[in-house]
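Q: Please take a close look at a single part of this protein and set that part in the context of the whole chain. One connected account would suit me better than a list.

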Amino acid sequence: MGQQRVGRPRQGGFLALVMGLLMALGLTLGASGAIASPPPPETVTIHLGTPADNLRFEPDQLSFTAGQRYRLVLDNPSPEKHYFTAKDFADGLWTQKVQAGDVEVKGAIHELELKPGAIAEWVFVPERPGLYELHCAIAGHAEAGMVGQLEIVSAG
Ligand SMILES: [Cu+2]
């Protein structure tokens, strides 16, 4: 399903490049009879808070490999709202989409707010290796321990 969305040309040069590469790949593989679809994204889940209302992310450390596509599922099992705020991390990746319910948001994302029981998925490709901080932007939550570390490691 991701292939059609990746292929939309109106999202600019990078996407056109990706589409070109996918088409070239498809032609190459197609000629040899192999499946041309890109690999499915790797799914990773982070919980914002806990059912017992502990102020933390679970897990609070994650590592991503640059160039690989991920589907990051964010959910909030706690009784209060939380933020997933990781602006430098978000600047170091390319977002394919953020999906919540029937809505898909395209383009750069820096922060998501999840109300109790909410779930959202963020499909992206990490690009810039580094160690990035994650926190919840609700007053007092980061201070209480609602922080984490997100790492992007180079593929090589
Ligand atoms: Cu919070």
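A: A residue is called buried here if 20 or more other C-beta atoms lie within 10 Å of its own, exposed if there are 12 or fewer, and partly exposed in between. By that rule, 21% of the 156 residues of the protein are buried. The model is a predicted one. Its secondary structure amounts to three helices and 11 strands, and along the sequence these follow the pattern α-α-β-β-β-β-β-α-β-β-β-β-β-β. Of the contacts between residues at least 6 apart in sequence, 71% join residues at least 24 apart.

The part to look at closely is an open sheet of six strands, in the order β2-β1-β4-β9-β6-β7 and with mixed pairing. Its edge strands are β2 (57–58) and β7, each of which pairs on one side only. In general, the strands of a sheet pair through backbone hydrogen bonds, in either a parallel or an antiparallel sense.

Start at the β2 edge. Strand β1 (residues 42–48) pairs with β2 in the antiparallel sense over two bridges, and Leu48 has Phe57 as its bridge partner in β2. The loop between these two strands holds Asp53. Phi of Asp53 is near 70 degrees, which is positive although the residue is not glycine. Most residues other than glycine have a negative phi, and most peptide bonds are trans. Asp53 is exposed, because 11 other C-beta atoms lie within 10 Å and the limit for exposed is 12 or fewer. On the far side of β2 in sequence, the peptide bond from Glu58 to Pro59 is cis, with omega near -5 degrees. Pro59 belongs to the loop between β2 and β3 (61–65).

Next come the strands that flank β9 in the sheet. On one side, β4 and β9 run antiparallel and are joined by six bridges; Val73 is matched there with Glu121 of β9. On the other side, β6 (residues 93–100) and β9 (residues 119–126) also run antiparallel, again with six bridges. Two pairs mark this join: Trp94 stands opposite Val125, and Lys97 has Val123 as its partner.

The sheet then ends at β7. Three bridges join β6 to β7 (residues 103–105), and the two strands run antiparallel. Val98 is paired with Val105 of β7. β6 and β7 form a hairpin with two residues between them, and Gly101 in that turn has a positive phi of about 65 degrees.

Two loops lead into these strands. β6 is preceded by the loop from α3 (87–91), where Gly92 is placed. Gly92 counts as partly exposed, since its 19 C-beta neighbours inside 10 Å fall short of the 20 needed for burial. Leaving out residues up to four places away in sequence, Gly92 touches Pro126, Glu127, Arg128, Gly130, Tyr132 and Ile152. One of these, Gly130, is 38 residues away in sequence, yet the C-alpha to C-alpha distance is 8.3 Å. The other loop runs between β8 and β9 and contains Pro116. Pro116 is partly exposed because 14 other C-beta atoms lie within 10 Å, a count between the two limits. Not counting residues up to four places away, Pro116 touches Asn76, Ser78, Pro79, Glu80 and Lys81. His82 is 34 residues from Pro116 in sequence, and their C-alpha atoms are 8.0 Å apart.

That leaves the packing. In soluble globular proteins, nonpolar side chains tend to be buried together. The largest nonpolar core here has 23 residues, of which Leu74, Phe84 and Leu134 touch the most other members. At least two residues of this core come from each of β4 (70–75), β8 (111–114), β9, β10 (130–135) and β11 (147–153). The strand that gives the most is β9, with four residues. Leu134, setting aside neighbours within four places in sequence, is in contact with Phe57, Phe84, Thr85, Ala86, Phe89, Val147, Gly148, Gln149 and Leu150. Among those contacts, Phe57 is the residue of β2 that partners Leu48 at the edge of the sheet.

To sum up the part in question, β9 has six bridges to β4 and six to β6, and β9 also supplies four residues to the largest nonpolar core.

Key:
Residues are numbered from 1 along each chain as its sequence is written. This is a predicted model: local features need pLDDT of at least 70, side-chain atom pairs count only at pLDDT 80 or more; totals for chains, interfaces and linings use all residues. Two strands pair if DSSP finds at least two bridges between them. Two residues are in contact if their C-beta atoms, placed from the backbone, lie within 7 Å. A nonpolar core is a set of buried Ala, Val, Leu, Ile, Met, Phe, Trp, Tyr and Cys residues joined through C-beta atoms within 7 Å.
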